[in-house]
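Trainee: Could you take me through one part of this protein slowly, as you would at the bench? I'd like to look closely at the end of the chain and then see how it sits in the whole.

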Amino acid sequence: MGGSVRDVKSKAELDEAVSGGSPVVLHFWASWCEASKHMDQLVSHLATDFPHTHFLRVEAEEQPEISETYSVSAVPFFVFFKDGKTIDTLEGADPSSLANKVSKVAGSINPGSAASPASLGMAAGSAVLETVKELAQENGSSKDKSKVQQGLSSHLKKRLQELVDSHPVLLFMKGSPEEPKCGFSSKVVDILKEENVKFGSFDILSDPEVREGLKKFSNWPTFPQLYCKGELLGGCDIAIAMHESGELKDVFKDHGIDTIDKADITDSGNAKGGISKSTDLSTTLTSRLESLVNSGSVMLFMKGTPDAPKCGFSRKVVDILRQENVPFESFDILTDEEVRQGLKVYSNWSSYPQLYIKGELIGGSDIVLEMQKSGELQKTLQEKGILPKETIEDRLKKLIASSPVMLFMKGTPDAPRCGFSSKVVNALREEGVVDFGHFDILSDDEVRQGIKVFSNWPTFPQLYYKSELIGGCDIILELRNNGELKSTLSE
């Protein structure tokens, strides 16, 4: 089967392929996951490069038995077999690691060697190699959230500015206005339609470079992002508040934004988290679904129950909610086919699980996982009154504990904005301490003022080790000069 990727339809079929003893690479994917689609292109080219290795695909949600066997809770996910045994796994869109692991299981490189995108060979072509590069960059940035990204290139700045200026009203969102891929994006689309304004949109899921770059360009870490005449208005919460107060209408009017007749607007429903009304649903079913969606402040439609999930994706969301100490209700869509099919239409969301907060659709497992990692989930739960709001003391404790070595400074390690901060950064690097967290206190006045009281230390920088204050610039330089800095930070 050299050069091809085969879809697996049953566990028996998979077992037969694995039992043959040849190297096997198994890709768990989902049709709604953009990262899966990108990695699928790479897998196809790897199949050409390694013709003696069997490359198989499993649609994770459609084959729960296989997914459960290998504890798949997120896609893309890869399992590597050799001599009939599982020898390795890989979770997430990490092209370089995938190439490396495929090379190892195929036996073409030494176990200690590392593969790079270039090792994929000429068969991959420039388009796929570029995809590999972009995905690798995106993956790298997600692994290092505590570090501030490097500055934007002039090329990317120009491109982002051109995008922002391309329409009088522009929405950077997940998906498209016709097919939003997160509840927050859908909510803003509905608001713009209610405001009767013409707007352009850009799907940030289609371009990792724009997705990551825009966060720095706008100094706004989440999506959607709404722009008017080149100026950022804000995200979902701000758009909602401005819409409800009438301020958004005034802004559009002041900027001379064209409006369109309501007859030209496609009905997007009641603007609750992307929930759209449909003539395909009976009044009775719509009423039942509305009642279910609102039956708990946090409502999870899943496969199985929280104590016995029947798919890895549902289990993942349950685990996240429990990690966040969120009380929630659930509904097993496997027990009611009418609800299972009807909710897809009602929510305009084609897969499960589906998470709702106060009646608004948040999204599926990938969205919930991303929100947890970015802190957006906790923020949303706090704003909706589900969780108590975080105090400044709680926030400072989390920041201090976010890295074993944590530096509160002015600016960033690569662009310090005071001489004392620069000296501490240099001292750490001279001692070989390069993997340290940092926070720019100039970017957040609440943190800047709060940590002075918290630490009982009135100046900056402040260096912490394992959540304990070491001191400021003078103490750090004295420790370095005495040869004690490295040992102090490794006790």
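Mentor: Happy to. Let's start with a pair of strands: strand 20 (residues 462–465) and strand 21 (residues 468–471) run antiparallel to each other and are joined over three bridges. Keep in mind that this is a predicted model. The two strands make a hairpin, with two residues between them. One residue of that turn, Lys466, has a positive phi of about 50°. Beside the turn, Tyr465 has Glu468 of strand 21 as its bridge partner.

Now hold on to Tyr465, as it leads us to Thr488. Once neighbours within four places in sequence are set aside, Thr488 is in contact with Tyr465, Ile470 and Leu479. Thr488 itself belongs to helix 20, which covers residues 485–488. Is Thr488 buried or exposed? Its relative accessibility is 16%, and because buried means under 20%, Thr488 counts as buried. Its side chain also has a polar partner: it reaches the backbone oxygen of Glu484 at 2.6 Å.

For comparison, try another helix. Helix 14 spans residues 365–374, and its buried residues are Ser365, Ile367, Val368, Leu369, Met371 and Gln372. A general point helps when you turn the helix on screen: an α-helix has 3.6 residues a turn, so residues three or four places apart point the same way. What do the buried residues of helix 14 pack against? Their partners are three helices and two strands: helix 7 (183–194), helix 12 (312–323) and helix 15 (376–383), along with strand 14 (354–357) and strand 15 (360–363). Just past the end of helix 14 comes Gly375, with a positive phi of about 90°.

Helix 12 starts at residue 312, and Gly312 takes us to an empty space, as it is one of the residues lining the second largest cavity. The other lining residues are Ala60, Glu61, Ser67, Val72, Cys311 and Phe313. By class, that lining has four nonpolar residues, two polar and one charged. The space inside comes to about 30 Å³. Searching the whole structure gives two cavities of 30 Å³ or more.

Finally, step back to the whole chain. The protein chain holds 20 helices and 21 strands, and 49% of its 491 residues are buried. Of the contacts with a separation of 6 or more, 67% join residues 24 or more positions apart.

Definitions and conventions:
Residues numbered from 1 in each chain as written. Predicted model: local features only at pLDDT ≥ 70, side-chain atom pairs only at ≥ 80, totals over all residues. Heavy atoms only, no water. 1 Å grid on protein atoms, 1.4 Å probe; cavity = no way out; pocket = protein on both sides within 12 Å on 5 of 7 lines; lining within 4 Å. Points joined across faces, edges and corners; volume = space filled by probe spheres on them. Nonpolar A, V, L, I, M, F, W, Y, C, P; charged D, E, K, R; others polar. Buried < 20%, exposed > 50% of the residue type's maximum accessible area, 1.4 Å probe, protein only. Helix = DSSP H or I, 4+ residues; strand = E, 2+ residues; numbered from the N terminus. Contact = heavy atoms within 4.5 Å. Polar contact = N/O pair within 3.5 Å; in protein donor to acceptor, adjacent residues only side chain to side chain. Pairing = 2+ DSSP bridges.
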